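Please open the model in your viewer and keep the sequence panel beside it, since this tour moves from one selection to the next.

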Amino acid sequence: MNSSEVNVPSLMNGLKSIIRRDLLLAWKRPGDVLNPLFFFAMVSTLFPLAVGPAAEQLAISGPGVLWVAALLAALLSLNGLFLSDFEDGSLDQIILSPQPLPLLALGKSIAHWLVSGLPLVMVSPLIALTFRMPAEAVDVLMLTLALGTISLSLLGSIGAALTVGLNRGNALLSLLILPLAMPVLIFGARTVALAASDDAVAAGIYFLAAYCMLALSLAPFATAAALKISNE
Amino acid sequence: MWKILQKLASPPHFYQLAAKIIPWLAVSALLLITYGTVAGLFFAPADYQQGDAFRIIYVHVPAAYLSMLAYSVMAISAGIGLIWRMKLAHAVAAGAAPLGAWFTFLALATGSIWGRPMWGTWWEWGDPRLTSELIMLFLYFGYMALRAAIDDTQKADRAGAILALVGAVNVPIIHFSVEWWSSLHQGPTLVREGGPAIVPAMLYPLLAMIFGFSLLFGALLLSRVRTEVLYRERRSRWVRNLLLSSEESH
């Protein structure tokens, strides 16, 4: 059969179908979605318990604590990004499919953000309230977290792709991704802290948005290349 | 031109050539570092603000510079190895990582020792260059850990290359972070408009140290890559012939 005769779905359909598939898989296994959320809430609870309930102290450490907790929660969920696909062989099918692999990698990252990043952004105001964060800062927190978690889903997909077949993948993934994620953490947490003290926040938001665009345009290619290497 | 490159990249040829280059690099590195150390520590005038404490720049600045240069060497050769599937380039990347990590550590350690009398603290989180140098060290660790976790050398080469290239995005952020964040760290002294803001008696030893460290890095890198090549080609004929001929000569 000539390959040109094969009915290949359009790029957009390919992207949509992989997102739909991953969302469906997440729906069937709600634990995978909820665990990072509980983790996020729990780590945020640990800090007040550790440093004491003084309101001023919580207001100062709040942005940083929330951002660190969000970063760790995102990392926790990243480990499984390609794992089940690798184990049941569907990763081979994804790599062999006629659609360009970077596009499918982008689709997996989008789906990952929808099930892990977005809920985190939605829950963050609740936790921010317990840290006595002012209302304007909560808006900034949600915006920076949204931009930051998109970047993390994309960056993390590179790490997840590089470590997918390895035995000690879990700890290694954190070691690879955390240093790359630090600029996001620095700008995210600093911007929220600035917002909490009524300062100008535009610069930090622009940086996060730029970083997000950079990750959106480059990370899928790196992920695709890494997937091919890990899965050979 | 292409032919010369191809010949250069062939492991046996590289192995012989590197053996000839290494002594030259090592001797000139030794000369430059000796001059830089003596002139920097004994003959350069003391700083009007920092006194003699500034003299640590003769180790700190070259080490910090090399930590970035080593990363660029690692990322560029990893990229070359990935694109043109050149085995030697991967060996260079693998050899540059531990050296870069050591230079990064040296830059952090000397920066911290300098910070004690100058800032009154061993570590200043408010300083972006110190922080990004630390991130640099973690990037090296991540690269080496990924390589160590993959048993197959070729797979480790290519996975590491992707990580090195992704991490290379971080190198410009480190370099320009001085301008990005306001900080306690000194602004750029050497590369700036209006020429270097440093007297020649202080400058020349520093330049000598920077070049000396770079040559030392070159010599160490080449000898690491030689070992790496020997290990990777351990089953090939030329390595066997090399071993046989060296046994005969004894």
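In what order do the elements of chain B run from the N terminus on? Select chain B of this predicted model, colour it by secondary structure, and follow the chain from its N terminus, where the elements run α-α-α-α-α-α-α-α-α; in total there are 9 helices and 0 strands.

With chain B still selected, turn to how its residues are packed: buried residues make up 38% of the 250 residues in the chain. Of the contacts within chain B between residues at least 6 apart in sequence, 76% join residues at least 24 apart.

Next, select residues 153–168 of chain B, which form helix α6. Because a helix should advance 1.5 Å a residue, these 16 residues should span 22 Å, and the end C-alpha atoms are indeed 22 Å apart, in agreement with that expectation. Showing side chains along α6(B) brings up its buried residues, among them B:Asp157 and B:Arg158, together with B:Ile162, B:Leu163 and B:Val166; the glycines B:Gly160 and B:Gly167 are also in the buried set.

Finally, display chain A as well, and select the residues where the two chains meet: 18 residues of chain B are in contact with 16 residues of chain A. On the chain B side, the elements that give two or more residues are α5 (128–149), α6 and α7 (170–180), and α5(B) gives the most, with 8 residues. Colouring this side of chain B by residue class shows 13 nonpolar, 3 polar and 2 charged residues.

Methods
Residues are numbered from 1 along each chain as its sequence is written. Chains are lettered from A and ligands numbered from 1 in the order in which they are written. This is a predicted model: local features need pLDDT of at least 70, side-chain atom pairs count only at pLDDT 80 or more; totals for chains, interfaces and linings use all residues. Helices (H or I, at least four residues) and strands (E, at least two) are DSSP runs, numbered from the N terminus. A residue is buried if 20 or more other C-beta atoms lie within 10 Å of its own, exposed if 12 or fewer, and partly exposed in between; C-beta atoms are placed from the backbone. Two residues are in contact if their C-beta atoms, placed from the backbone, lie within 7 Å. The expected span of a helix is 1.5 Å times one less than its number of residues. Ala, Val, Leu, Ile, Met, Phe, Trp, Tyr, Cys and Pro count as nonpolar, Asp, Glu, Lys and Arg as charged, and the others, Gly among them, as polar.
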